Amino acid sequence: MKKIVAALAALAVSAGVLIAPAQAQDKKYTIALIPGLTTDGFYITMRKGAQAAADALGVNLVFQGAPEFNPVTQVPVLDAVIAKKPDAILIAPTDKVQLVEPLRKANDAGIPVITVDTFIGTGTYQTGAGDADFPLAYIASDNVLGGEIAARALATAIGDKGKVYVSNVKPGISTTDQREEGFKKEMAKHPGITVLETQFNDDDANKAASQLQAVFARNPDLVGVFGANLFSALGAANGVKQAGQTGTVKVVAFDAPTSIVDNINTGLVDVAIAQHPAEIGYFGVVSAYAHLTGHSIPVSIGTGFTIMDKSNIADPNISKYLYSE
């Protein structure tokens with residue numbers, strides 16, 4: 001009981017709301033966590049945070065997903081999970097439009113839905129407006145803010161002048177769309193910096209590397225690139241290396257697996273923006289449990305960021321935010 005109260009109190013403090021302690025429950029709840037993909041360090045770390053909350057609350061956590069970030073592969077996984085009738089579903093939707101109707105099936109079956117990391121529709125839920133406002137909550141990093149932080153870090157690295165661009169995955173992914181939005185919003189405040197056309201790489205690092213070289217060929221005065229996700233960043237960084245511009249063209253990466261340490265120390269990547277996926281998973285399970293035990297929950301919970309570079313990557317207070325492998 002003390003663990004339950006502590007977990008709910010942690011949610012209350014983080015979200016700025018008061019949640020009353022839960023009464024002891026006879027039922028053992030099952031909560032399913034469907035990640036964007038199963039093999040990525042970000043989602044592995046999210047699972048660990050979710051499991052920590054599940055253990056504290058006496059919840060059965062089911063982790064089931066597809067090996068790639070794609071609605072074509074995620075929807076069958078979702079359908080299989082719905083068929084097992086868990087008490088709640090936490091999911092990182094792989095497309096903000098294509099996952100609306102598949103998730104509505106869960107909602108119509110009486111299974112509460114909470115989106116984590118990514119969202120459907122606009123990500124603003126429980127308003128009574130639109131076709132995608134039925135999830136109970138959205139728990140994630142503030143990705144617009146994350147893009148703004150990345151832009152400020154890149155602006156500092158390039159002396160606040162020159163040409164830069166965004167290496168992104170593809171339109172329609174809520175998180176990377178928002179990171180690009182935040183990046184461009186912040187860069188509009190830096191008149192000495194020109195933001196070139198975004199390059200979409202379909203989450204293919206080799207394509208991102210080729211695109212970097214093509215952009216550099218057209219713009220030999222290119223000085224920076226922001227990778228809106230890890231594959232985009234590392235692909236672009238390898239393109240910088242192949243073009244012989246390491247150290248001249250600065251690279252800011254979003255996300256921070258343990259491999260980013262070597263990337264930063266060798267100068268392949270200049271700055272990494274680490275999310276806190278363990279917190280997302282933890283608060284996802286706590287929120288689902290709070291709802292299942294009759295408590296109100298916030299419709300939106302934001303988690304933070306940590307900026308990593310060569311000057312601080314060895315600091316244990318920074319490196320603890322590296323993702324699990």
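This tour moves through a predicted model, from its confidence values to its sheet, a helix and the largest pocket.

**Confidence**

Begin by colouring the whole protein by pLDDT. The average is 92, and 92% of the residues score at least 70. Next, select residues 1-10, where pLDDT stays under 50. For this stretch the model has 21 contacts beyond four places in sequence. Then select residues 12-24, another stretch over which pLDDT stays under 50. Here the model has 24 contacts beyond four places in sequence.

**The sheet**

Turn now to the strands. Six of them form an open sheet, and its order is 2-1-3-4-5-12. The pairing in this sheet is parallel. Select strand 2 (60-63) and strand 12 (300-303) to find the edges of the sheet. Each of these two strands has a single partner strand, so one side of each is left without a neighbour in the sheet. On average, neighbouring strands of the sheet are turned by 15 degrees against each other, with direction ignored.

For one pairing in detail, select strand 3 (residues 88-91) together with strand 4 (residues 113-116). Three bridges join them, in the parallel sense. To view one bridge, select Ile89 and its partner in strand 4, Val113.

**Helix 2**

The next selection is helix 2 (residues 41-57). This helix lies across strand 1 (30-34), strand 2 and strand 4. Relative to strand 2, helix 2 runs at about 165 degrees.

**The largest pocket**

Keep helix 2 selected and proceed to the largest pocket, whose volume is about 560 Å³. The pocket is lined by 29 residues. To locate its centre, select Leu37, Asp40, Asp203, Asn229 and Phe231, the lining residues closest to that point.

Which helices each supply at least two residues of the lining? They are helix 2, helix 6 (174-187) and helix 8 (230-242). The largest share of the lining, four residues, comes from helix 2. Helix 2 thus appears twice on this tour: it lies across strands of the sheet, and it contributes to the lining of the pocket.

Finally, colour the lining by residue class. Twelve of its residues are nonpolar, eight are polar and nine are charged.

Methods:
Residues numbered from 1 in each chain as written. Predicted model: local features only at pLDDT ≥ 70, side-chain atom pairs only at ≥ 80, totals over all residues. Heavy atoms only, no water. Pairing = 2+ DSSP bridges. Axes fitted to C-alpha atoms, helices over the stretch in contact; angles between N-to-C directions. Contact = heavy atoms within 4.5 Å. 1 Å grid on protein atoms, 1.4 Å probe; cavity = no way out; pocket = protein on both sides within 12 Å on 5 of 7 lines; lining within 4 Å. Points joined across faces, edges and corners; volume = space filled by probe spheres on them. Nonpolar A, V, L, I, M, F, W, Y, C, P; charged D, E, K, R; others polar. pLDDT = per-residue confidence, 0-100.
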